[in-house]
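Reader: I should like to go through this structure in order, from its overall composition to its charged pairs. Please show it first.

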Amino acid sequence: MRISPFLLGLLLGVGGVPFSGEPAWGRGTPAIVPIPQAVNLDITAPESVNIGATTAGGTITGSLGTVVVEDRRGSLNPNTWTVTVSAAVFVTGAGGSGRTIAASQVAYWSGPATRSTGGGTLVPGQPTAAQAVTLGATRVAFRKTAGNGNNTVYWSPTLRIAVPAGVVAGTYHGTITHSVA
């Protein structure tokens, strides 16, 4: 299994003033834990993204950028794969009461493939916003269900975060993790 985590930022402030500077959390690189993986099957996702600003009780929607699965396993038959996605709690400061947004408040949809090469049947987990799923549990983001030969697929998932009314203003950060197996 190959994992590609990235940090996600959400600025929560009075009046929904857009964030114009680089967030402090955006300068670091998240820790990546080595996990045994299928040879020649890789996934990449942006390291960090800022999806904007809203107020407590509001909702914010933003793109996560492009996620890419590259399958170079050649004629292995079948060379199917599944990408899963999960989220950690979003926090500001040290977290705690009034300073967290639960992963169950985060909705995700993959959207369709924006580009692909090679063959096979590619199936988005959630083709449209109407099929969005919460990330309170691990979800399927994308699959290759049939075919063999090398292939690459690109998609740009979207998040919708329902910010609880009782949270304090601040820059919230969390981790969204895409894994392929």
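The exchange below moves from the whole chain to its strands and then to its salt bridges.

Reader: How confident is the predictor, and what is the mean pLDDT of the protein chain?

Author: This is a predicted model. In the protein chain, 79% of residues reach a pLDDT of 70 or more. The mean pLDDT of the chain is 83.

Reader: Over which residues does pLDDT stay under 50?

Author: For the stretch in question the model has 53 contacts beyond four places in sequence. These contacts belong to a segment whose pLDDT stays under 50, namely residues 11–37.

Reader: How many helices and how many strands does the protein chain have?

Author: The chain comprises 181 residues, 39% of them buried. Its secondary structure consists of zero helices and 16 strands.

Reader: Among contacts between residues at least 6 apart in sequence, what percentage join residues at least 24 apart?

Author: A contact requires heavy atoms within 4.5 Å. Among the contacts in the protein chain between residues at least 6 apart in sequence, those joining residues at least 24 apart make up 80%.

Reader: What share of the accessible surface belongs to carbon and sulfur atoms?

Author: The accessible surface of the protein chain comes to about 8200 Å². The share belonging to carbon and sulfur atoms is 54%.

Reader: Which strands are at the edges of the open sheet of four strands?

Author: The sheet has the order β2-β5-β14-β10, with antiparallel pairing. An edge strand here pairs on one side only, which applies to β2 (41–44) and β10 (113–118). Neighbouring strands of this sheet are turned by 10° against each other on average, direction ignored. The edge strands are thus β2 and β10.

Reader: Which residue in β5 stands opposite D42?

Author: Strands β2 and β5 (residues 67–71) pair in the antiparallel sense over four bridges. In this pairing, the residue of β5 that stands opposite D42 is E70.

Reader: Which residues of β4 form its covered face, and which residue in β15 stands opposite T61?

Author: Strand β4 (residues 59–63) has an uncovered face of T59, T61 and S63, while its covered face consists of I60 and G62. Five bridges join β4 to the antiparallel strand β15 (residues 158–162). Opposite T61 in β15 stands R160.

Reader: Which residues are linked in a network of salt bridges?

Author: The side chains of D42 and R72 meet in a salt bridge, at 2.8 Å from N to O. This pair links distant parts of the chain, since D42 lies in strand β2 and R72 in the loop between β5 and β6 (81–87), 30 residues apart. R72 also forms a salt bridge with E70, their closest N and O atoms being 3.5 Å apart. The network therefore consists of salt bridges under the 4 Å limit, and its members are D42, E70 and R72.

Reader: Why do R72 and E70 count as partly exposed?

Author: Partly exposed residues lie between 20% and 50% relative accessible area. R72 falls in this class because its relative accessible area is 33%. E70 does so because its value is 35%.

Reader: Are R73 and D71 buried or exposed?

Author: R73 forms a salt bridge with D71, and their closest N and O atoms are 2.8 Å apart. The count of salt bridges comes to three. As for R73 and D71, both are buried.

Methods:
Residues are numbered from 1 along each chain as its sequence is written. Side-chain values use heavy atoms; hydrogens and water are left out. Buried means under 20% relative accessible area, exposed over 50%, partly exposed in between (1.4 Å probe, protein chains only). Helices (H or I, at least four residues) and strands (E, at least two) are DSSP runs, numbered from the N terminus. Two strands pair if DSSP finds at least two bridges between them. Accessible areas come from the Shrake-Rupley method with a 1.4 Å probe; for residues, only the protein chains shown count as cover. pLDDT is the predictor's confidence in each residue, from 0 to 100. Axes are lines fitted to C-alpha atoms, for helices over the stretch in contact, and angles run from 0 to 180 degrees between N-to-C directions.
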